[in-house]
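Visitor: I keep hearing words like "buried" and "edge strand", and I'd like to know what earns them. Could you walk me through some cases?

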Amino acid sequence: MKKALITGIAGQDGSYLTELLLSKGYEVHGTIRWDSIFTTERIDHLYHDPHVNGVNLFLHYSDMIDTGNLEKLINEIKPDEIYHLAAMSHVRVSFDMPEYTVNTDALGTLRILEAIKNSKYPTKFYMAASSEMFGGVNPPQNENTPFHPKSPYACAKVFSYHITRLYREAYGLFAANGMLFNHESPRRGPTFVTRKITRAVSRIKKGLEKTIYLGNLDAKRDWGFAPEYMEIMHKILQHEKPDDFVTATGETHSVREFLEEAFKYAGFEIESNGKQGIEEEYIDKKTGEALVKIDPRYFRPAEVELLVGDPKKAREKLNWQPKIKFSDLVKVMVDADFREIGMAAPGQGDKILKERFPDRWWTVD
């Protein structure tokens with residue numbers, strides 16, 4: 001039985017990756033940060049009392065700023081694979097907490113690599129890099145595109161990317177980077193713009209909210225479906241040699257397109273008032289009410305306007321290509337948020353999942 005250690009197991013990616021690895025027969029260990037309240041709701045359906053025989057999922061308190069704890073965990077677990085997902089991953093918040101972001105996201109990666117090197121155990125290491133590293137570079141972005149980070153989060157990830165490559169080249173570690181473009185799901189945190197939109201759409205539909213406040217509507221991203229991105233993480237560590245791969249759909253769409261698609265799918269007819277910047281609003285054509293407004297607090301000090309990945313290398317070397325793209329993703333997320341508040345979902349998203357993934361390994365959200 002292979003052993004895997006997932007840092008940040010309680011996040012969107014960690015929860016899906018846990019399900020994937022358990023379905024493949026792994027013993028899975030995951031790190032969570034201590035808190036006075038439980039923050040493990042994404043994996044509660046997978047976790048069982050450790051006193052029960054046959055349990056293959058184990059949780060450990062840890063933090064990316066605690067070197068001794070990380071070394072202890074790696075030496076005790078002796079994982080065959082480490083998937084390093086833990087991070088302060090909210091780009092806008094990283095401007096407010098730059099030192100914490102760099103300490104956690106950049107130096108945290110270094111601490112794990114040092115622990116692997118010193119343990120002498122042949123652990124394979126996956127580092128979750130980010131499309132934000134490319135910043136303002138003209139798309140499409142691939143493995144050879146230079147970086148131009150435009151946030152503390154992106155700067156920290158650039159360091160993590162290079163330190164991972166350095167330890168691979170200098171010490172012979174099986175250390176690989178996955179340059180993940182935006183990937184979303186019903187498990188996405190509600191402060192991230194895609195989930196913020198789909199959650200608000202369902203709540204406005206039910207009359208629980210009246211308006212959603214957003215920032216830059218014209219930023220464009222390459223949005224994929226998170227469970228599929230977990231599959232490529234696993235493929236990267238099964239590859240014959242450590243390497244770096246872009247994970248993306250190859251399409252780009254704006255925040256504006258996302259919100260228009262979500263509202264339309266939920267049965268709304270909305271239109272912009274035609275104004276610019278913070279004066280713009282999206283109006284419900286039936287009621288005349290403003291359903292979308294702009295709040296400048298959500299603007300970034302330095303904006304990344306356009307990201308679109310080129311997944312050719314992953315397609316050719318790992319036989320990976322996404323089944324869910326933009327419009328399907330919106331439907332899947334809106335359906336889930338309808339169900340979350342007890343409403344009947346439009347249903348197209350659920351149908352898409354059943355058709356594209358007849359042998360789905362993850363729990364329906």
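Guide: Sure, let's start with T31, which has a relative accessible area of 5%. Keep in mind that this is a predicted model.

Visitor: Why is T31 called buried?

Guide: Buried means under 20% relative accessible area. T31 has 5%, so T31 is buried.

Visitor: Where does T31 sit, and which residues does T31 touch?

Guide: T31 is in strand β2, residues 27-32. Leaving out residues up to four places away in sequence, T31 touches L5, I6, T7, G8, I9, H60, S62, M64 and L73. Contact here means heavy atoms within 4.5 Å.

Visitor: And what makes K78 partly exposed?

Guide: Partly exposed lies between the two cut-offs, 20% and 50%. K78 comes in at 41% relative accessibility, so K78 counts as partly exposed. You'll find K78 in the loop between α2 (67-77) and β4 (81-84).

Visitor: How do you know that N319 is exposed?

Guide: Exposed means over 50%. N319 has a relative accessible area of 67%, so N319 is exposed. The loop between α10 (312-318) and α11 (326-340) is the place of N319.

Visitor: What is notable about the phi of K78 and of N319?

Guide: Most residues other than glycine have a negative phi. K78 isn't a glycine, yet its phi is positive, near 50 degrees. N319 isn't a glycine either, and its phi is positive too, at about 55 degrees.

Visitor: Which peptide bond is cis, and what is its omega?

Guide: That's the bond from P139 to P140, with omega near -5 degrees. Most peptide bonds are trans. P140 is in the loop between β5 (124-130) and α6 (152-171).

Visitor: Now the sheet with the order β8-β15-β14-β13: why are β8 and β13 called edge strands?

Guide: This open sheet has four strands with mixed pairing. β8 (212-214) and β13 (270-272) each pair on one side only, and that makes them the edge strands. From one strand to the next, the twist averages 20 degrees.

Visitor: How do you know that β8 and β15 pair?

Guide: Two strands pair if there are at least two bridges between them. β8 and β15 (residues 290-294) have three bridges, so they pair, and in the parallel sense. As for I212, its bridge partner in β15 is V292.

Visitor: Which helix lies across β8 and β15?

Guide: That's α7, residues 193-206, running at about 160 degrees to β8.

Note on methods
Residues numbered from 1 in each chain as written. Predicted model: local features only at pLDDT ≥ 70, side-chain atom pairs only at ≥ 80, totals over all residues. Heavy atoms only, no water. Helix = DSSP H or I, 4+ residues; strand = E, 2+ residues; numbered from the N terminus. Buried < 20%, exposed > 50% of the residue type's maximum accessible area, 1.4 Å probe, protein only. Axes fitted to C-alpha atoms, helices over the stretch in contact; angles between N-to-C directions.
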